[in-house]
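Visitor: Could you take me through one part of this model, slowly and up close? I'd like to begin with a pair of strands and work outwards.

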Amino acid sequence: MFSAWGAGDELNVEVLYTECGVVRKTSWKEPITGSAGPQVNLNNPDRWIVIAASPVPDPVITAPNLCQGASGNITITNVTDFSKYTLTVNPSAGITLGTLGATTSIQVASTATAGAHTLTLTAKDGSAGPWTKQFTVNSAPTLTITPSLVNAGKGYICSGGSNNSSVTLTATSIANYNY
């Protein structure tokens, strides 16, 4: 069974074969130059082996929608060597990505532009990709507490107070809240 591999990797090849009634063994490292696998010469121009592995699955990027000022994690699957890839975000102002790995942190500044953003994963050598994932930066919620005092001139709110005080909570850019 083959593990995931692709162009730029090396395949360790070991072959046992019979030639003129004698069992022989040969092994070598073969650079992988294409997605279908390499052709390998076994020191005999009449004998070729074509090694074909199952196609390597494309990387899958999962990213959360985040609010301005929030942080989270991006997950990337089907990648074995992250040093061969780059991950970028567009638009990037106010968004910081952590070290690229299976779990990559993302920090969204409170000044980041709200709206759609795109993550792009690309092989550094240009041999594969790009793969993209869109996510949304939502405006940070705004909560406003406004004291409304029936007895004007009072600068406080008293629980169960005799001054008939009340509080108004106004929320924007937020679907649900508890208080």
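In which sense do β8 and β11 pair, and over how many bridges?

Guide: They pair in the antiparallel sense, over 6 bridges (pairing takes at least two DSSP bridges between the strands). Bear in mind that this is a predicted model: local features need pLDDT (the predictor's confidence in each residue, 0 to 100) of at least 70 and side-chain atom pairs 80 or more, while totals for chains, interfaces and linings use all residues. Numbering runs from 1 along each chain as its sequence is written, and side-chain values use heavy atoms, without hydrogens or water.

Now to β8 itself, residues 85–90. One face is covered, made of Tyr85, Leu87 and Val89, while Thr86, Thr88 and Asn90 make up the uncovered face. In a regular strand, side chains alternate between the two faces of the sheet. Tyrosine 85 has alanine 123 of β11 opposite it.

Stay with tyrosine 85 for a moment, since this residue belongs to the 1 aromatic pair in the structure. Its partner is tryptophan 131: the ring centres are 6.2 Å apart and the planes sit at 50 degrees, so the pair counts as tilted (centres within 6.5 Å make a pair of Phe, Tyr or six-membered Trp rings; under 30 degrees is stacked, over 60 edge-to-face, the rest tilted). Tryptophan 131 lies in β12 (residues 131–138), which puts the two residues 46 apart and links distant parts of the chain. Both tyrosine 85 and tryptophan 131 are buried (under 20% relative accessible area, 1.4 Å probe, protein chains only; over 50% is exposed, in between partly exposed).

From there, move on to the largest nonpolar core, with its 20 residues (buried Ala, Val, Leu, Ile, Met, Phe, Trp, Tyr and Cys joined through side-chain atoms within 4.5 Å). β8 and β11 (115–123) each give two or more residues to this core, as do β7 (71–77), β10 and β12. The members that touch the most others are Ile74, Ile76, Ile95, Leu119, Leu121 and Phe135. Take isoleucine 76: leaving aside neighbours within four places in sequence, its contacts (heavy atoms within 4.5 Å) include Leu87, Leu121, Phe82, Leu100 and Thr104.

Thr104 brings us to β10, residues 103–108. Thr104, Ile106 and Val108 form the covered face of β10, and Thr103, Ser105 and Gln107 the uncovered one. β10 pairs with β7 in the antiparallel sense over 5 bridges, and threonine 103 is the bridge partner of threonine 75. β10 also pairs with β9, again antiparallel, over 3 bridges, with isoleucine 95 partnered by valine 108. β9 and β10 form a hairpin, with 5 residues between them. These strands belong to an open, antiparallel sheet of 4 strands, in the order β5-β7-β10-β9. Its edges are β5 (60–62) and β9 (95–97), each pairing on one side only.

Stepping back, the protein has 0 helices and 14 strands (DSSP runs numbered from the N terminus; at least four H or I residues for a helix, at least two E for a strand). Of its 179 residues, 25% are buried. Among contacts with a separation of 6 or more, 46% join residues 24 or more positions apart.

As for confidence, mean pLDDT is 75, and 56% of residues reach 70 or more. Residues 36–45 stay under 50, and the model gives that stretch 29 contacts beyond four places in sequence.
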